[in-house]
Amino acid sequence: MTRIGRLAPSPTGAQHVGNARTYVVAWLHARSRGGSVRMRIEDIDSPRIKTGAAEQAAEDLRWLGLDWDGEPVTQTHRLPLYVAALDKLKQRELIYPCTCTRSDIAAAASAPHVGQEGPPYPGTCAHRTVADAERLAAEGKPFAWRFRVTVSPAFTDLYAGEQRIDLREHGGDFVVWKNSGTPAYQLAVVVDDAEMGVTEVVRGDDLIPSTPRQLLLYRALELTPPAFAHVPLVVGEDGRRLAKRHGDTRLAALRDAGVRPEALVGLLAWSCGWVNAPNAIAARDLLPQVRLAAIPPRPFVLTGALLRSIGYAPAT
Ligand SMILES: [Zn+2]
């Protein structure tokens, strides 16, 4: 079987050191096993894409020493594919129109919730059928399409092992098409990965709760799911996910400050347990070393001292 990995930057927030670690792992994992790598710009799920942001994302990845096969795919150019998938879900009566606002859902939620998703969808509109959409449209009521969750598929993560997440606690019935008329992240990603022939998805472990939902969509759309590897994130010294409050860790800022990509890649490789010291190394020179199992099972704490060690002092 041909192995196909992917790099899927979202151009909304510029790529930073945290994203970079996941990209390096994803690229090495595919390339080290003779696989190809596809590139996709995930620009559909966002109201605010800056001009040139997609080019910037590609430039950041190239700077890291990563490459990809074929032309990059851009989600906003692929709307007909997502519409076709939505139609299939409608034909199979697996989704229903939902008119709830965020505050409706919060107000109706009774069960305590876990995870970052907010309260599980309380099922307010679950009595509706696909045919009800016509009436709602005629009444001028905006609605989203929600997928009816009946089971929570377990899966075996290539890195994190057996995962069992109860979707009734994690979000419940989920949106596949937003009331703004655009596909939701879950649907777009499944359609794209399947259409691009992706066989392995390496991404941050904050996306573990997305995976059972995506597996439901693969089944519903009669598509073959890829293997998944969810790796720990990069956090700041306060233990929180790397963000603006930790100073400017954008790759563009490191580049502008004269940091060599090999210095950053060496630091990331060391954080993954592939080398004994954070010495400069090119991504391609790590191909013999890469092993998912060597990555420590906890977030990587990016300290100011580590950044200074590669010649970077972030402005805060
Ligand atoms: Zn609803």
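How many bridges join strand 4 to strand 5, and in which sense do the two strands run? I began my notebook with this question, and I keep in mind throughout that the model is a predicted one.

**Entry 1: the sheet around strand 5**

I looked up the pairing and found that four bridges join strand 4 to strand 5, the two running antiparallel. Going through the partners one by one, I noted that I95 has F147 of strand 5 as its bridge partner, and that P97 has W145 of strand 5 in that role. On going to strand 8, I found that it pairs with strand 5 over three bridges, again in the antiparallel sense, and that R146 stands opposite V175 of strand 8.

I then wrote down the sheet as a whole: it is an open sheet of three strands in the order 4-5-8, with antiparallel pairing. Strand 4 and strand 8 are its edges and have a single partner strand each, so one side of each is left without a neighbour in the sheet. For the twist I recorded that neighbouring strands of this sheet are turned by 45° against each other on average, with direction ignored.

Which residues point which way from strand 5? I found A144 and R146 on one side and W145 and F147 on the other, and I noted that all of these are buried.

**Entry 2: aromatic pairs**

I searched for aromatic pairs next, and the structure holds four of them. One of these is formed by F147 and F174, which are stacked, at 5.3 Å centre to centre and with 25° between the planes. Since F147 lies in strand 5 (residues 144-147) and F174 in strand 8 (residues 174-177), the pair ties together parts that are 27 residues apart in sequence. I checked the burial of both rings: F147 is buried at a relative accessible area of 4%, and F174 is buried at 5%.

Another pair is that of F155 and F228, which I entered as edge-to-face, with 6.2 Å from centre to centre and 65° between the planes. Here F155 belongs to strand 6 (residues 155-157) and F228 to strand 10 (residues 227-231), so this pair ties together parts that are 73 residues apart in sequence. F155 counts as buried at 8% relative accessibility, and F228 is likewise buried, with a relative accessible area of 4%.

**Entry 3: the zinc ion**

Which atoms of the protein are donors to the zinc ion? I listed C98 (SG), C100 (SG), Y121 (OH) and C125 (SG), which lie 2.0 to 2.3 Å from the ion. The angles among these four donor atoms run from 102 to 123°, and the site is tetrahedral. Reading along the sequence, I wrote the spacing of the donor residues as C-x1-C-x20-Y-x3-C. I also looked at where C98 and C125 sit, and this pair links distant parts of the chain, 27 residues apart: C98 is in strand 4 (residues 95-98), while C125 is in the loop between helix 4 (102-108) and helix 5 (132-138). C98 is buried, with a relative accessible area of 3%, and for C125 I noted that it is buried with 3% as well.

The donor Y121 brought me back to strand 5, where I had already entered R146 as buried. I found that R146 lies over the face of Y121, at 3.7 Å from the ring centre.

**Entry 4: the sheet of strands 1 to 3**

I turned to another open sheet, made of three strands in the order 1-2-3 with parallel pairing. Its edge strands are strand 1 (4-7) and strand 3 (73-74), each of which pairs on one side only. Between strand 2 (residues 36-41) and strand 3 I found two bridges, in the parallel sense, and I noted that I41 stands opposite T74 of strand 3.

**Entry 5: helix 7**

Is helix 7 mostly covered or mostly open? I found that helix 7 (residues 210-220) is mostly covered, with 10 of its 11 residues buried. Among the buried residues I listed P212, R213, Q214 and Y218, as well as the leucines L215, L216 and L217. After the helix comes E222, for which I noted a positive phi, near 55°.

Conventions:
Residues numbered from 1 in each chain as written. Predicted model: local features only at pLDDT ≥ 70, side-chain atom pairs only at ≥ 80, totals over all residues. Heavy atoms only, no water. Phe/Tyr/Trp six-rings, centres within 6.5 Å; stacked < 30°, edge-to-face > 60°. Buried < 20%, exposed > 50% of the residue type's maximum accessible area, 1.4 Å probe, protein only. Lys NZ or Arg CZ within 6 Å of the ring centre and 35° of its normal. Pairing = 2+ DSSP bridges. Donors = N, O, S within 2.8 Å, 3.2 Å for Na, K, Ca; no water. Tetrahedral: all angles 85-135°; square planar, octahedral: opposite > 155°, others 65-115°. Axes fitted to C-alpha atoms, helices over the stretch in contact; angles between N-to-C directions.
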